[in-house]
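Hello,

Here is the structure I promised to pass on to you. Please have a look through it, and below you will find my notes on what turned up.

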Amino acid sequence: MTLIANHPERNIIRAQLKQNVILKELRDSEMAALEPYLTVTNHQKGDLLLNQGVYDMQQYFILDGILKRQVTNHEAKEMILRFSSERDIETSYAAWCLKTPTPYSIVCMTKARVASMPLTQWVDFLQSHSVVKQAFEYEVMNLMSGIMAHTITLHLLDAPGRVHRFMRKFPELFERLPKKELAYYLNLSPETLSRLKHQGKI
């Protein structure tokens, strides 16, 4: 866990942060005020960033790699809610606002590098930066809407339709994701996904 100012790749990291879907709204002076609160961490595939059911929450800005948001039930069955990658955010802001534990985990799908800060500090920062607060809350609603649309899709579309929808909406992720994880996200078996590909249906 390294502060950006002390990181050997700090110039690259600063450039990546300026491309983030939320932080690109910040002026240079605002970014400079935020930077001391951000720490940079490198992670391996399978590392757990946030555990379902906790109250200690972080705000994440993804620099490299792919993360997944997943829910696990009492029988240890997992459902993947979304994937996120470079320039995206991950957050449990809604749970923080409702004062409830995190309803999902955040796991590294690949090797990843993230900048993060305690969610309480991020919320404090937003209170004095209304433009960024508006952009952030819009993105949180957009992410929740996307998860709802995906859940509905699982019930309304057949297997090829689910795959084609993902390819249309996330073409950059389709080639990068492990096909086993993509199959689980689409509520398919890996064998079904492979069969659809060999049959030329996707």
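**The enclosed cavity**

By class, the residues that line the largest cavity are 4 nonpolar, 2 polar and 2 charged. Please keep in mind as you read that this is a predicted model. The count comes to 1 cavity of 30 Å³ or more, and the volume of the largest cavity is about 40 Å³. Its lining is made up of H150, T153, R162, R165, F166, F170, Y185 and L186. Two elements, α5 and α6 (159–169), give two or more residues to that lining. The largest share, 3 residues, comes from α6.

**The open pockets**

There are pockets to look at as well. The largest pocket has a volume of about 510 Å³. It is lined by 26 residues, of which R82, F83, D88, L143 and F170 are the closest to its centre. The elements that contribute two or more residues to this lining are β6, α5, α6 and α7 (171–174), and α5 provides the largest share, with 7 residues. In terms of class, the lining of the largest pocket divides into 10 nonpolar, 7 polar and 9 charged residues. You will notice that F170 is listed for the lining of the largest cavity and also among the residues closest to the centre of the largest pocket.

The second largest pocket has a volume of about 250 Å³. Of its 15 lining residues, R69, A94, Y104, M144 and I147 are the closest to the centre. Here α3 and α5 each supply at least two residues, and α5 gives the most, with 5 residues. The lining of the second largest pocket divides into 12 nonpolar, 2 polar and 1 charged.

**Aromatic pairs**

Next, the rings. The count comes to 8 aromatic pairs. One of them is formed by F83 and Y185: the ring centres are 4.9 Å apart and the planes meet at 50 degrees, so the pair is tilted. What does this pair tie together? F83 belongs to strand β6 (residues 78–84) and Y185 to helix α8 (residues 179–185), so the contact ties together parts that are 102 residues apart in sequence. F83 has a relative accessible area of 6%, so F83 is buried. Y185 counts as buried too, at 6% relative accessibility. Both residues have appeared above: F83 is among the residues closest to the centre of the largest pocket, while Y185 is one of those lining the largest cavity.

A second pair worth opening in your viewer is Y93 with F136. Their ring centres lie 5.0 Å apart, with the planes at 75 degrees, so this pair is edge-to-face. It links distant parts of the chain, with Y93 in helix α3 (residues 93–98) and F136 in helix α5 (residues 130–156), 43 residues apart. Are these two buried or exposed? Y93 has a relative accessible area of 10% and is buried, and F136 is buried with a value of 0%. Y93 and F136 also belong to a cluster that ring pairs build together with F61, W122 and F125.

**Charges over rings**

Two basic side chains caught my eye. R69 lies over the face of Y104, 4.3 Å from the ring centre. R69 and Y104 are both among the residues closest to the centre of the second largest pocket. The charged end of K179 sits over the ring of F174, at 4.9 Å from its centre.

**The sheet**

Finally, the strands. An open sheet of 5 strands runs in the order β1-β2-β9-β4-β7, with antiparallel pairing. At its edges stand β1 (2–3) and β7 (89–90), each with a single partner strand, so one side of each has no neighbour in the sheet. Within the sheet, β4 (residues 58–64) and β9 (residues 112–118) pair in the antiparallel sense over 6 bridges. I62 has V114, in β9, as its bridge partner.

One last residue is I4, in the loop between β1 and α1 (10–18). I4 counts as buried, at 1% relative accessibility. I4 and T39 are 35 residues apart in sequence, and their C-alpha atoms are 6.3 Å apart in space.

Happy browsing, and best wishes

How values were computed: Residues numbered from 1 in each chain as written. Predicted model: local features only at pLDDT ≥ 70, side-chain atom pairs only at ≥ 80, totals over all residues. Heavy atoms only, no water. Phe/Tyr/Trp six-rings, centres within 6.5 Å; stacked < 30°, edge-to-face > 60°. Helix = DSSP H or I, 4+ residues; strand = E, 2+ residues; numbered from the N terminus. Buried < 20%, exposed > 50% of the residue type's maximum accessible area, 1.4 Å probe, protein only. Lys NZ or Arg CZ within 6 Å of the ring centre and 35° of its normal. 1 Å grid on protein atoms, 1.4 Å probe; cavity = no way out; pocket = protein on both sides within 12 Å on 5 of 7 lines; lining within 4 Å. Points joined across faces, edges and corners; volume = space filled by probe spheres on them. Nonpolar A, V, L, I, M, F, W, Y, C, P; charged D, E, K, R; others polar. Pairing = 2+ DSSP bridges.
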